[in-house]
Amino acid sequence: MTNVNGRFGIHGGQYIPETLMNAVIELEEAYNHYKNDPEFNRELTRLFNEYAGRPSRLYYAEKMTKDLGGAKIYLKREDLNHTGAHKINNVLGQALLAKKMGKTRLIAETGAGQHGVATATAAALMGMECVVFMGEEDTIRQALNVYRMRLLGAEVIPVKSGTATLKDAVSEAMREWTSRIDDTHYCLGSVMGPHPFPTIVRDFQSVISKEIKEQLQEKEGRLPDAVIACVGGGSNAIGSFYHFIGDGGVRLIGCEAAGRGIDTFETAATINTGRLGIFHGMKSYFCQDEYGQIAPVYSISAGLDYPGIGPEHAYLHDTGRAEYVAVTDDEAVNAFEYLARTEGIIPAIESAHAVAHAMKIAPEMDKDRIIVITISGRGDKDCAAIARYRGEDIHE
Amino acid sequence: MSRIREAFAGGKAFIPFITCGDPDLDTTLAAVKACAENGADLIELGIPFSDPTAEGPVIQGANLRALRGGVTTDKIFELVRNLRREVTVPMVFMTYANVVFSYGAERFISTCREIGMDGLILPDLPFEEKEEFLDVCHKYGIDLISLIAPTSQNRIAMIAREAEGFIYVVSSLGVTGTRSEIKTDLASIVEVIRASTDTPCAIGFGISTPEQARKMAGIADGAIVGSAIIKILEKYGKDAPPYVGEYVKSMKDAVRQAEG
């Protein structure tokens with residue numbers, strides 16, 4: 001899928017300061033070596049299985065299926081992974097790679113805090129130093145995760161610049177990387193940024209679709225009709241899609257955060273409202289104004305509150321292989337509450353965007369159709385914010 | 001010879017940087033004139049970007065102040081038209097790839113030519129991605145400036161061989177901003193550059209004092225100063241231009257002392 005220059009169609013590339021070029025070249029060379037190294041893969045599989053708890057369950061949501069009255073719904077339970085989200089898949093891979101490269105320090109950006117927690121976790125496990133950049137606004141929205149990261153031994157730096165959210169955390173992590181490269185690996189959390197990050201992160205997350213395929217084969221003896229996942233940068237979505245890209249009959253649906261609606265300025269739906277641009281090391285679609293200034297995006301979900309989308313998603317959109325729909329705050333909150341009541345599963349507010357879209361399309365599909373929804377993370381972290389959204393002030 | 005190279009023909013060059021529209025475009029106009037009148041050999045005009053990832057806090061602040069003031073690419077083109085009535089010193093834009101890409105490369109770069117700009121510096125456009133704008137730059141005679149960093153090592157000669165206008169040597173790791181000490185072995189980097197090309201090179205990032213400027217101009221062909229000037233603009237606001245002029249004069253005197 002990627003060509004030699006890290007392009008997905010016209011998207012991707014390496015639009016970064018010269019200071020970082022040798023670092024990404026070194027990373028690419030190391031990755032190309034270790035991805036085919038049996039010892040590396042054995043170690044990573046052992047970490048996935050013994051530490052993260054893989055494979056994650058593919059759960060038949062019988063009550064939800066009956067309630068919606070249409071397609072059969074399966075939930076891919078990435079929320080059951082250690083640290084409570086799919087982020088650990090990528091982080092274990094990158095931390096192991098960084099360690100092999102002789103790096104002793106991990107830095108990361110985080111939005112909702114899930115990637116920060118996962119990075120802090122891997123750093124603790126592997127005895128590495130860890131610094132996490134998090135928008136100041138998000139440190140307030142996700143105070144519990146800030147505490148978790150500090151508990152795990154990481155330093156959390158609140159980022160005050162710009163809109164003080166995920167994009168600013170990425171910018172600050174990139175700035176930090178340019179100032180300290182020798183001993184530091186930037187553990188990027190999504191399928192974005194300069195090549196080779198979109199490829200590396202996708203490869204480590206592709207375990208999700210590999211498992212879905214095997215598990216559904218075992219349970220149903222066939223492929224799903226649709227795979228649905230939420231998309232911010234797009235790591236759980238590309239992980240859920242990857243092994244189905246070649247199966248034309250499987251609909252791949254990414255759910256973007258529409259915030260208060262794609263016809264408002266308070267949205268983070270990049271494919272639905274953005275246009276082609278160059279930012280954070282990649283060419284892709286971005287929410288921006290007519291002069292290319294990056295837009296201050298909004299979503300109730302800190303993890304989807306990002307003005308861009310990974311280059312491979314931009315390419316899957318261009319080719320029509322995947323569809324990208326917008327889901328509002330309201331719809332996501334409803335789905336969050338619905339899944340809790342119906343299945344006894346509290347999904348991350350990010351994942352609730354995918355649940356919301358499944359609730360729209362499942363009733364219109366025949367009963368012999370199968371939908372897989374990736375529950376990218378657990379929703380404990382969101383409970384206080386959703387309570388506030390419903391007008392109830394609770395303390396974490 | 002491009003006008004940028006001419007800027008280096010008369011000895012060691014001093015190159016000030018100003019973010020357009022900080023605090024407003026009238027002040028920028030007066031500050032750029034003050035730079036030109038006080039010996040600047042080449043002037044970098046920053047087009048603000050919402051998320052300037054190569055900048056430290058000082059220039060980030062200038063970008064945000066300018067954008068909040070309502071500055072746009074079109075208004076900056078108008079500023080340059082006004083400047084060019086009096087200022088003949090070569091000038092280059094310094095901005096981010098998306099500002100050019102989003103405006104339309106052809107439309108942006110042809111306008112640069114029309115209004116009398118000489119070059120373009122894009123810190124997020126490394127050697128591997130320069131094809132994005134290079135053909136259009138050549139079509140309109142705009143030099144696309146290459147940057148070389150302390151981490152460039154085996155890349156220095158490759159970049160230098162294809163460089164045009166001048167080479168921007170980044171003095172230190174990290175982002176823009178004043179530094180008390182510059183530790184990189186810049187003499188070795190400049191030595192590789194000189195063995196690969198006759199394109200002049202100037203050192204930037206972290207320079208604020210005349211002593212640093214003299215030292216850097218002694219190693220390379222010139223010195224670039226941004227954050228220190230932005231600090232003057234931040235301190236004096238609309239009254240800054242004479243102070244900027246005075247500072248530029250002291251820095252130009254310092255780089256002259258580096259001439260053997």
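Where does Phe205(B) sit? I found Phe205(B) in the loop between strand 7 and helix 10 (210–219) of chain B. I take helices (H or I, at least four residues) and strands (E, at least two) as DSSP runs, numbered from the N terminus.

**Ground rules**

I am working with a predicted model, where local features need pLDDT of at least 70, side-chain atom pairs count only at pLDDT 80 or more, and totals for chains, interfaces and linings use all residues. Residues are numbered from 1 along each chain as its sequence is written, and chains are lettered from A and ligands numbered from 1 in the order in which they are written.

**Odd backbone spots, chain B**

I stayed with Phe205(B) for a moment. Its phi is near 85°, a positive value in a residue other than glycine. Buried or exposed? Phe205(B) is buried, with 28 other C-beta atoms within 10 Å. My cut-offs: buried needs 20 or more other C-beta atoms within 10 Å of the residue's own, exposed means 12 or fewer, partly exposed is in between, and C-beta atoms are placed from the backbone.

Gln153(B) also has a positive phi without being a glycine, this one near 40°. I located Gln153(B) in the loop between strand 5 and helix 8 (156–161) of chain B. Gln153(B) counts as exposed because it has 12 C-beta neighbours inside 10 Å.

I then checked for cis peptides. The bond from Asp22(B) to Pro23(B) is cis, with omega near 0°, and Pro23(B) belongs to the loop between strand 1 and helix 2 of chain B. In chain A, a cis bond joins Arg54(A) and Pro55(A), with omega about -5°. Pro55(A) is in the loop between helix 2 and strand 3 (58–60) of chain A.

**The barrel of chain B**

How many strands make the closed barrel? I get eight, in the order 1-2-3-4-5-6-7-8, with parallel pairing; strands pair if DSSP finds at least two bridges between them. From one strand to the next the twist averages 25°. As a sample, I looked at strand 3 (residues 91–94) and strand 4 (residues 119–121) of chain B, which are parallel over three bridges. Val92(B) has Gly119(B) of strand 4 as its bridge partner.

Next, the helices of chain B. Helix 9 (residues 186–196) lies across strand 5, strand 6 (167–170) and strand 7 (201–204), at about 155° to strand 6. For such angles, axes are lines fitted to C-alpha atoms, for helices over the stretch in contact, and values run from 0 to 180 degrees between N-to-C directions.

In helix 11 (residues 227–236) of chain B, I noted Ser227(B), Ala228(B), Ile229(B), Ile230(B) and Leu233(B) as buried. Their cover includes strand 1 (13–19) and helix 12 (241–256) of chain B. Just past helix 11, Gly237(B) has a positive phi of about 55°.

**Helices and strands in chain A**

I looked at how helix 2 (residues 38–51) and helix 4 (residues 87–100) of chain A meet: their axes come within 10 Å and cross at roughly 140°. The two are therefore oblique to each other. I call angles under 35 degrees roughly parallel, over 145 roughly antiparallel, 65 to 115 roughly perpendicular and the rest oblique. Among the residues in this contact are Phe40(A) and Leu44(A) from helix 2, and Leu92(A) and Leu96(A) from helix 4.

Helix 4 also meets helix 5 (residues 114–126) of chain A, with axes within 9 Å and a crossing of roughly 40°. Ile88(A) and Ala95(A) are among the helix 4 residues here, and Ala118(A) and Met126(A) among those of helix 5.

Strand 12 (residues 281–286) of chain A has six of its six residues buried, so the rest of the structure largely encloses it. Strand 11 (residues 275–279) pairs with strand 12 of chain A in the antiparallel sense over five bridges, with Ile278(A) opposite Lys283(A). One residue separates the strands of this hairpin, where His280(A) takes a positive phi near 50°.

**Where the chains touch**

Last entry: 32 residues of chain B are in contact with 27 residues of chain A, contact meaning C-beta atoms, placed from the backbone, within 7 Å. Which helix of chain B gives the most to that side? Helix 5 does, with six residues.

Key. Two residues are in contact if their C-beta atoms, placed from the backbone, lie within 7 Å.
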